[in-house]
Amino acid sequence: MIGAASEDIMGNQPFADDRIRVFASASSWIEGAAIDQLKLASTRRGAVALAGMPDLHPGHKGPVGCALLTEGVVHPDIIGTDIGCGMTMWRLGGHVRKLRVDRAVKALECLDEDWTEVAEARGRAAGLEGLDDYLHALGTVGGGNHFVELQAVDKVVDPVLADGIRAGDLYLLVHSGSRALGPAIYERHACGVVGLDLDKGGTEYIADHDAAVAFASLNRNLLAERASDLLGMEGTPWLDVPHNHVEVQGNLVLHRKGAAPSDRGIVPVPGSRGAMTYLVDPVPGVEGALYSIAHGAGRKRDRASMVARVKSSTKEWKERPNPVGNRVICADRKLEAEESPEAYKDIRRVVADLEEHGMAKVAAIMRPVVTFKTTGRRHDD
């Protein structure tokens with residue numbers, strides 16, 4: 001539920017600062033700390049407007065699940081280290097009725113095999129000049145909440161919006177970013193909360209940022225290509241949607257931190273690894289939303305508290321079935337605890353908020369079948 005610190009933002013009681021909007025209902029789970037961070041972000045140099053999505057939650061440097069519009073200033077720490085992080089979806093030439101799940105699990109476990117030489121060759125072929133030190137990580141998942149997930153269409157909600165999407169069809173959803181490149185760029189342009197003037201350092205950051213966004217997109221698509229090959233299915237690129245990036249138009253800078261663009265067509269909005277993914281058709285012109293929508297469920301509990309919860313009842317947690325029958329490949333027990341379904345908000349509530357605010361319409365609902373995170377045999381560090 002919304003905490004006391006945020007009670008003034010809902011319904012007919014907006015922030016005293018009319019530059020701030022939060023698109024969530026009174027029944028949504030939004031921590032007061034996230035609202036405090038949103039208010040603090042409004043004091044940034046150049047701040048023009050802020051939009052909080054229904055998946056809003058506290059982050060290290062500021063709120064996650066928000067968009068910040070500034071004039072003449074870019075704030076690298078709002079975007080953080082994982083520049084270009086986002087979601088990619090590929091269509092697969094297969095149907096869930098014919099899927100052998102055990103075989104799919106074994107196939108996707110091979111994503112942790114060493115393919116450094118291929119990664120470097122693909123990076124050079126893509127023209128990622130000057131990034132030789134990072135090319136080895138292309139086509140690798142990384143840690144945190146990143147994953148490669150085999151999904152099946154569970155339900156077509158709107159046949160018109162879901163053009164070409166059929167119940168039972170298989171898709172790949174990939175969530176990853178710029179790997180070690182993003183942190184290196186962030187460190188190079190570190191400037192604290194003061195930000196960078198576009199004409200004094202900001203231009204250099206934007207150039208490096210754009211390179212990281214391109215790197216992240218290639219990384220996701222190589223992951224999808226690898227996964228489809230391992231599964232023995234023909235894969236076709238479909239969507240690529242960043243949610244951790246900036247867009248510059250003239251002197252205006254739109255920062256999206258855990259927020260997807262609403263002006264690029266269909267967007268995947270995933271829940272936890274134990275919940276459905278919603279494919280939504282965004283409505284780009286919603287007042288105050290800054291051409292952005294939610295990028296997922298958003299965290300309900302932080303990582304440290306999730307590890308403590310699992311340790312206090314290890315046997316109980318091990319015996320719990322996945323809520324939607326998904327098979328999760330994750331040999332890192334700490335990461336498994338941090339990413340438990342209970343760590344995330346109810347994706348149904350998040351999507352309902354998007355619909356109630358006129359921000360998106362649901363096209364289809366996807367069910368996770370196999371999620372790859374790590375086998376513990378990584379070769380990408």
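Ala 337 is buried in this predicted model. Its relative accessible area is 5%, and buried means under 20%. The residue belongs to helix 9, which covers residues 333-338. What does Ala 337 touch, not counting residues up to four places away in sequence? The partners are Met 306, Val 307 and Val 310. Asn 322 stands 15 residues from Ala 337 along the chain. The C-alpha atoms of Ala 337 and Asn 322 are separated by 13 Å.

Now step back to the whole protein. Its secondary structure comes to 10 helices and 17 strands. The radius of gyration is 20 Å, close to the 21 Å that the globule rule gives for 381 residues, so the protein is as compact as a globular protein of that length. Along the principal axes, the C-alpha atoms fill a box of roughly 55 × 50 × 45 Å. Of the 381 residues, 56% count as buried.

Contacts tell how the chain comes together. Take the contacts with a separation of 6 or more. Residues 24 or more positions apart account for 78% of them.

Next comes the interior. The largest nonpolar core has 33 residues. Tyr 278, Val 280, Ile 347 and Met 359 have the most contacts inside this core. Which elements each supply at least two of its residues? Strand 2 (47-57) and strand 3 (64-71) do. So do strand 12 (259-261), strand 13 (267-270), strand 14 (277-282) and strand 15 (292-294). Helix 10 (347-356) and strand 17 (360-374) complete the list. The largest share, four residues, comes from helix 10.

Tyr 278 gives a view of this core from one residue. Leave aside its neighbours within four places in sequence. Tyr 278 is then in contact with Val 267, Pro 268 and Val 269. It also meets Ile 347, Arg 348 and Val 351. Val 362, Ala 364 and Ile 365 are contacts of Tyr 278 as well.

Helix 5 offers another place to look. This helix spans residues 181-188. Its buried residues are Leu 181, Gly 182, Ala 184, Ile 185 and Tyr 186. They pack against helix 2 (76-79) and helix 6 (202-231).

Finally, the surface and the charges. The protein exposes about 16400 Å². Carbon and sulfur atoms supply 50% of that area. There are 45 positive and 53 negative side chains. The centres of the two sets lie 6 Å apart.

Technical notes. Residues numbered from 1 in each chain as written. Predicted model: local features only at pLDDT ≥ 70, side-chain atom pairs only at ≥ 80, totals over all residues. Heavy atoms only, no water. Rg over C-alpha atoms; globule rule 2.2 N^0.38 Å. Buried < 20%, exposed > 50% of the residue type's maximum accessible area, 1.4 Å probe, protein only. Contact = heavy atoms within 4.5 Å. Areas by Shrake-Rupley, 256 points an atom, 1.4 Å probe, with all protein chains shown as cover. Lys, Arg positive; Asp, Glu negative; His and termini not counted. Charge placed at Lys NZ, Arg CZ, Asp CG, Glu CD. Core = buried A, V, L, I, M, F, W, Y, C linked by side-chain atoms within 4.5 Å.
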